[in-house]
Amino acid sequence: MLIIGSFLLTSRRPSAIWWLKQAVLANVVWIVAKLASWLFHSYRNMPELLALLESQRNANGPIGPEGYLTWMVVGMVLVSLVNLVAHVFVGWRVSREDIQRFLSGGTPS
């Protein structure tokens, strides 16, 4: 949908804003659902993950398995937040007045 919206935007079609907003909304829902799934499956499989990390403790160095799982969760949340911020920025940018002017045939300033 983002690709279709971008093509419509470059061809100055008024429907581009609708396509882009719908794509951003769908992607935001997908990002939140994906993060929830990652967290759910990580915590559901916590005993197996801890046992696996504990078996590799000598190779891992001084940090225990709980530390690695904490950083894994922090990494998942940070990746999702960066992705969310990028999509929300696109949604905000598309709704600005200069884009409306561009689509109506005026020149953006």
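How many Å should the 30 residues of helix H2 span, and how far apart are its end C-alpha atoms? At 1.5 Å a residue, H2 should span 44 Å, and its end C-alpha atoms lie 43 Å apart, so the two values agree. The structure in question is a predicted model, and every value below is computed from it.

The overall picture comes next. The chain has six helices and zero strands. Following the sequence from its start, the pattern reads α-α-α-α-α-α. The chain holds 109 residues, and 22% of them count as buried. Its accessible surface comes to about 7,500 Å², with 70% of that belonging to carbon and sulfur atoms. Contacts can also be sorted by how far apart the partners are in sequence. Among contacts with a separation of 6 or more, 52% join residues that are 24 or more positions apart.

Return now to helix H2, which covers residues 15–44. Its buried residues are Ala16, Ile17, Leu20, Ala23, Val24, Ile31, Leu35 and Ser42. A general point about helices helps in reading such a list. An α-helix has 3.6 residues a turn, so residues three or four places apart point the same way. In the list for H2, Ile17 and Leu20 are two of the buried residues, and both also belong to the largest nonpolar core.

That core has five residues in all: Ile17, Leu20, Val94, Ile99 and Leu103. Helix H2 and helix H6, the latter running over residues 97–103, each supply at least two residues of the core. Leucine 103, one of the core residues, can be followed further through its contacts. Once neighbours within four places in sequence are set aside, leucine 103 is in contact with Leu9, Arg12, Arg13, Pro14 and Ile17.

One of those partners, arginine 12, is found in the loop between helix H1 (2–10) and H2. The phi angle of arginine 12 is near 60°, which is a positive value in a residue other than glycine. Arginine 12 has a relative accessible area of 34%, so it counts as partly exposed.

Serine 42 also lies in helix H2. Is serine 42 buried or exposed? Its relative accessible area is 9%, and because buried means under 20%, serine 42 counts as buried. Leaving out residues up to four places away in sequence, serine 42 touches Leu49, Met72 and Met76.

The charged side chains are the next topic. Side chains of opposite charge can pair when their charged atoms come close. How many salt bridges does the structure hold? There are three salt bridges. In one of them, aspartate 98 pairs with arginine 93, and the closest N and O atoms are 3.0 Å apart. Another joins the side chains of aspartate 98 and arginine 96, at 3.6 Å from N to O. Aspartate 98 is buried, with a relative accessible area of 9%. Its two partners are partly exposed: arginine 93 has a relative accessibility of 30%, and arginine 96 has one of 34%.

Arginine 101 and glutamate 97 form a salt bridge as well, with the closest N and O atoms 3.0 Å apart. These two residues are four residues apart in helix H6, so about one helical turn separates them. Arginine 101 is partly exposed at 28% relative accessibility, whereas glutamate 97 is exposed at 59%. Salt bridges that share partners join Arg93, Arg96 and Asp98 into one network.

The last stop is the surface. Which residues make the nonpolar surface patch of about 360 Å²? The patch is made by Leu2, Phe89, Val90 and Trp92. Helix H5, which covers residues 65–94, gives the largest share of the patch, namely three residues. Valine 90 has its place in helix H5. With a relative accessible area of 33%, valine 90 is partly exposed. Because a patch takes residues with over 30% relative accessible area, valine 90 at 33% passes that cut-off.

Conventions
Residues are numbered from 1 along each chain as its sequence is written. This is a predicted model: local features need pLDDT of at least 70, side-chain atom pairs count only at pLDDT 80 or more; totals for chains, interfaces and linings use all residues. Side-chain values use heavy atoms; hydrogens and water are left out. Patches are made of residues with over 30% relative accessible area and no salt bridge: like charges are joined within 9 Å, nonpolar side chains (Val, Leu, Ile, Met, Phe, Trp, Tyr) within 5 Å. Accessible areas come from the Shrake-Rupley method with a 1.4 Å probe; for residues, only the protein chains shown count as cover. A salt bridge is a side-chain nitrogen of Lys or Arg within 4 Å of a carboxyl oxygen of Asp or Glu. Buried means under 20% relative accessible area, exposed over 50%, partly exposed in between (1.4 Å probe, protein chains only). A nonpolar core is a set of buried Ala, Val, Leu, Ile, Met, Phe, Trp, Tyr and Cys residues joined through side-chain atoms within 4.5 Å. Contact means heavy atoms within 4.5 Å. The expected span of a helix is 1.5 Å times one less than its number of residues.
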